[in-house]
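Please look over the model below before reading the notes. The briefing takes the overall fold and then a single residue.

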Number of protein chains: 2
Amino acid sequence: MNAPHPEARLPLPPAFIEQMSARFGTRFTTSEGVRAHHGHDESHFPDAAPDAVVFPSSTEEVTAIVDACRAYGVPIVPYGAGSSLEGHILAIRGGITVDFSEMNKVLAIHGEDMYVVVQPGVTRKQLNAELHGSGLFFPIDPGADASLGGMAATRASGTNAVRYGTIRENILGLTAVLADGRAIRTGGRARKSSAGYDLTHLLIGSEGTLGLITELTVRLHPLPEAVSAAVCAFPDLAAAVNTVIQTIQLGVPVARIELVDTLTVQAINRYSKTTLREAPMLFFEFHGSPAGVDEQAQTVQEIAREHGGLDFDWASRPEDRSRLWAARHDVYFASINLRPGCRGITTDVCVPISKLAECVTGVRADIDATGLIAPIVGHVGDGNFHTVILVDPKDADEIERAEALNRRIVERALALGGTCTGEHGVGIGKQDFMLAEHGEAALDAMRLVKRALDPQDLLNPGKILPPPQQATPLV
Amino acid sequence: MNAPHPEARLPLPPAFIEQMSARFGTRFTTSEGVRAHHGHDESHFPDAAPDAVVFPSSTEEVTAIVDACRAYGVPIVPYGAGSSLEGHILAIRGGITVDFSEMNKVLAIHGEDMYVVVQPGVTRKQLNAELHGSGLFFPIDPGADASLGGMAATRASGTNAVRYGTIRENILGLTAVLADGRAIRTGGRARKSSAGYDLTHLLIGSEGTLGLITELTVRLHPLPEAVSAAVCAFPDLAAAVNTVIQTIQLGVPVARIELVDTLTVQAINRYSKTTLREAPMLFFEFHGSPAGVDEQAQTVQEIAREHGGLDFDWASRPEDRSRLWAARHDVYFASINLRPGCRGITTDVCVPISKLAECVTGVRADIDATGLIAPIVGHVGDGNFHTVILVDPKDADEIERAEALNRRIVERALALGGTCTGEHGVGIGKQDFMLAEHGEAALDAMRLVKRALDPQDLLNPGKILPPPQQATPLV
């Protein structure tokens with residue numbers, strides 16, 4: 001997987017290296033080890049190391065980096081925790097990786113207004129650790145311990161989005177350095193505003209192609225007074241999914257409602273040493289007042305029973321809940337562990353909730369028809385689910401079959417009014433589907449915005465937008 | 001108020017008129033009456049009639065209009081219900097107004113996925129009437145019976161935003177015709193997506209300057225099982241506002257929490273024939289399960305009591321609730337009615353919730369210092385409140401004093417980390433504050449986006465973005 005990426009790349013100009021070394025000292029490096037470390041993420045794409053890596057400590061330093069890169073035409077790849085799944089941080093055209101790990105401070109906690117100001121390198125677990133004792137928490141929880149800058153850049157979500165929204169609904173404002181080197185501040189501290197174009201949302205999900213995020217103002221939520229969690233096994237996938245659909249349609253404010261299929265339960269039991277019943281299963285969490293939580297749980301139990309669900313297995317103690325959700329968060333690694341030496345190709349479709357049963361059961365049949373190993377797991381309250389297709393990285397034929405399966409799953413989702421990516425982003429992995437999902441006119445509008453804000457194509461070039469003529473239409 | 005607006009304008013080319021007449025027949029008109037009707041909104045700005053008005057019936061017809069306007073360099077002003085408050089629909093550079101009132105169909109109700117597809121001329125009351133019996137509703141309720149296209153264009157909200165979000169959180173996708181005449185479809189039917197730039201949110205709040213919205217996919221919400229509403233009087237403004245702050249900080253999911261000051265209560269009593277106690281007052285509404293609603297009401301009553309609030313006066317029957325909220329929605333007209341022949345200059349600041357008491361009491365003092373008549377009313381759960389400054393439209397000195405007061409109020413809000421407009425938008429009325437709120441770099445980024453998507457400056461020219469050199473900095 002270390003073959004050089006086929007796209008054109010130029011070596012770094014010596015004068016650029018000299019200027020960056022003078023400014024950043026040892027925080028700028030061309031060492032092979034550091035470059036190699038920054039050349040791969042959690043995706044299955046070939047490694048693509050940058051020509052150099054720099055570790056800024058402030059917005060002003062990011063401006064200095066962008067100014068130098070603009071002067072010398074050097075591509076810029078932003079890097080958070082390196083946990084992206086679609087090749088976002090691969091330096092496919094070389095250039096410099098801007099690693100935000102030293103910009104990892106929580107700058108201010110405004111408990112009275114329920115927001116926090118953080119640097120982009122702060123990770124979600126770090127943030128919640130620093131919020132300990134404040135009565136507030138940050139609910140967005142992608143599988144990995146991602147950085148907040150990376151989560152904003154990829155429009156991430158996680159298991160709590162069904163109640164608390166995705167990162168998109170939880171960012172009040174950003175500071176970002178644009179390609180011209182200027183830092184802009186978008187949004188504000190107020191809960192809403194109608195003052196001009198929504199640059200905050202334009203940057204969220206732009207994957208570093210429009211600007212480098214250097215500060216985030218992030219909404220927090222009061223810790224719920226009461227929490228309860230349970231798992232429930234179902235006779236088949238459709239029964240589990242129909243329970244989800246009815247729960248959402250009734251407006252029950254569940255905090256989490258996660259699907260795992262039988263294969264995933266087997267993976268979890270093996271990896272996390274749990275003893276869950278090996279059947280399609282829903283993981284629930286309820287937040288609210290004690291009475292509210294009881295009421296929600298009561299309603300959902302009735303719905304589950306109607307669909308043949310077995311009794312709820314409650315995790316009442318906080319440590320049991322933590323164990324349950326840790327097992328859920330480790331599903332990716334548990335899945336990979338099913339087949340030693342494999343890599344995972346993760347799919348990420350999201351469909352309207354009413355199409356979820358049709359989509360999930362169709363995808364399960366698609367997988368079974370290929371003979372590939374691919375557990376299904378999902379944030380089904382949003383209509384979003386993943387398969388992790390386990391492939392032998394040395395088996396080109398198998399990778400090809402896995403990619404064909406991925407394509408088949410996306411086709412299915414798009415035909416049902418869904419999206420090719422619910423929360424992982426486009427990177428290089430989903431570009432082929434952008435035309436089918438958005439149409440040429442909308443894609444051209446995105447290209448116009450990109451060209452306006454980054455005329456030299458310096459910021460994470462080659463990501464999100466397929467070249468105008470090379471986009472592969474779906475059949 | 002009928003003085004021509006000073007900006008340059010050219011007459012419509014005869015060939016353009018001929019082409020449009022041939023295509024649209026009587027749905028294209030240059031009649032003075034129709035033009036005049038489209039030349040004013042609910043703001044206090046001088047009327048500015050377009051040179052012609054056209055009433056399209058489809059996205060394809062909007063494309064034809066934009067193509068003709070681009071060929072002849074004719075400015076395009078979109079028009080919904082004409083209820084905007086900042087001069088958004090004034091044809092300050094002449095050109096053609098595109099009136100969407102004939103595109104007023106609810107195209108599809110997807111109850112199982114809780115969204116609806118509508119044309120832009122559908123009004124919020126019409127939509128809720130058509131949803132009757134579906135068990136679902138559309139919560140966003142600006143004061144006027146605005147069109148959904150207009151609400152999206154101005155990023156509107158209303159009294160329910162504290163629980164259900166603003167229009168920004170309630171639009172899944174849009175169809176819009178860009179300046180190049182092409183229709184784009186943004187977003188989708190799924191609840192979330194990470195697939196590329198967020199063109200949906202770029203268009204929301206763009207006030208017709210980036211594209212003409214021709215279709216909207218809008219989220220709906222289940223009608224709450226139980227609803228209760230109450231009013232509560234307080235000894236002073238600060239006590240009322242502090243009740244709000246504590247309610248929000250505790251995370252009580254109130255559906256509505258609205259502030260009216262004493263003067264507003266007097267206006268309501270006079271206009272709506274109510275007998276409310278003439279003191280600062282909060283209007284509450286609680287949505288949820290019967291037990292949930294009781295629990296919320298209990299908590300809020302305790303908070304109110306701690307701040308000296310009198311007993312809750314409950315409106316338990318649906319007709320009493322409707323009367324209460326109709327009175328609240330008529331506050332603008334009730335206020336205008338306090339002074340026959342006057343016009344209202346409406347302010348619209350929004351601040352972080354912890355600064356709300358400081359801001360509201362400061363603004364009340366600012367008003368009192370001027371001697372002007374200006375009731376205060378607000379969606380205080382969001383930190384957003386309005387004053388309606390009642391001015392004699394023939395008294396230039398008074399208008400000047402009112403504008404100075406508006407400026408003072410905005411300065412106060414910006415100094416507290418707030419915004420110049422929480423929900424009304426910029427139009428021509430708030431442009432002078434854009435530099436102070438966003439800074440030159442962010443404003444330039446907005447200008448780059450505008451130029452990229454509308455290089456000829458055809459779409460609602462002269463709105464939102466102040467000219468680069470003419471922006472007046474705040475002191």
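The points that follow describe chain A as a whole and then one position in chain B.

This is a predicted model, in which local features need pLDDT of at least 70 and side-chain atom pairs count only at pLDDT 80 or more, while totals for chains, interfaces and linings use all residues. Residues are numbered from 1 along each chain as its sequence is written, chains are lettered from A in the order in which they are written, and side-chain values use heavy atoms, with hydrogens and water left out.

**Chain A: fold and dimensions**
- Chain A holds 15 helices and 18 strands, taken as DSSP runs (helices H or I of at least four residues, strands E of at least two).
- Its radius of gyration, taken over C-alpha atoms, is 22 Å, which agrees with the value near 23 Å for a compact globule of 475 residues under the rule of 2.2 Å times the number of residues to the power 0.38.
- The C-alpha trace of chain A spans about 70 × 55 × 45 Å along its principal axes.

**Chain A: burial and contacts**
- Of the 475 residues in chain A, 63% count as buried, meaning under 20% relative accessible area with a 1.4 Å probe, protein chains only.
- Among contacts (heavy atoms within 4.5 Å) with a separation of 6 or more in chain A, 72% come from residues 24 or more positions apart.

**B:Ile257**
- B:Ile257 lies in strand β13 (residues 256–260) of chain B and is buried, with a relative accessible area of 1%.
- Not counting residues up to four places away in sequence, B:Ile257 touches several residues, including B:Val162, B:Phe283 and B:His379.
- The C-alpha atoms of B:Ile257 and B:Arg163 are separated by 9.7 Å, although these residues are 94 residues apart along the chain.

Notes. Buried < 20%, exposed > 50% of the residue type's maximum accessible area, 1.4 Å probe, protein only.
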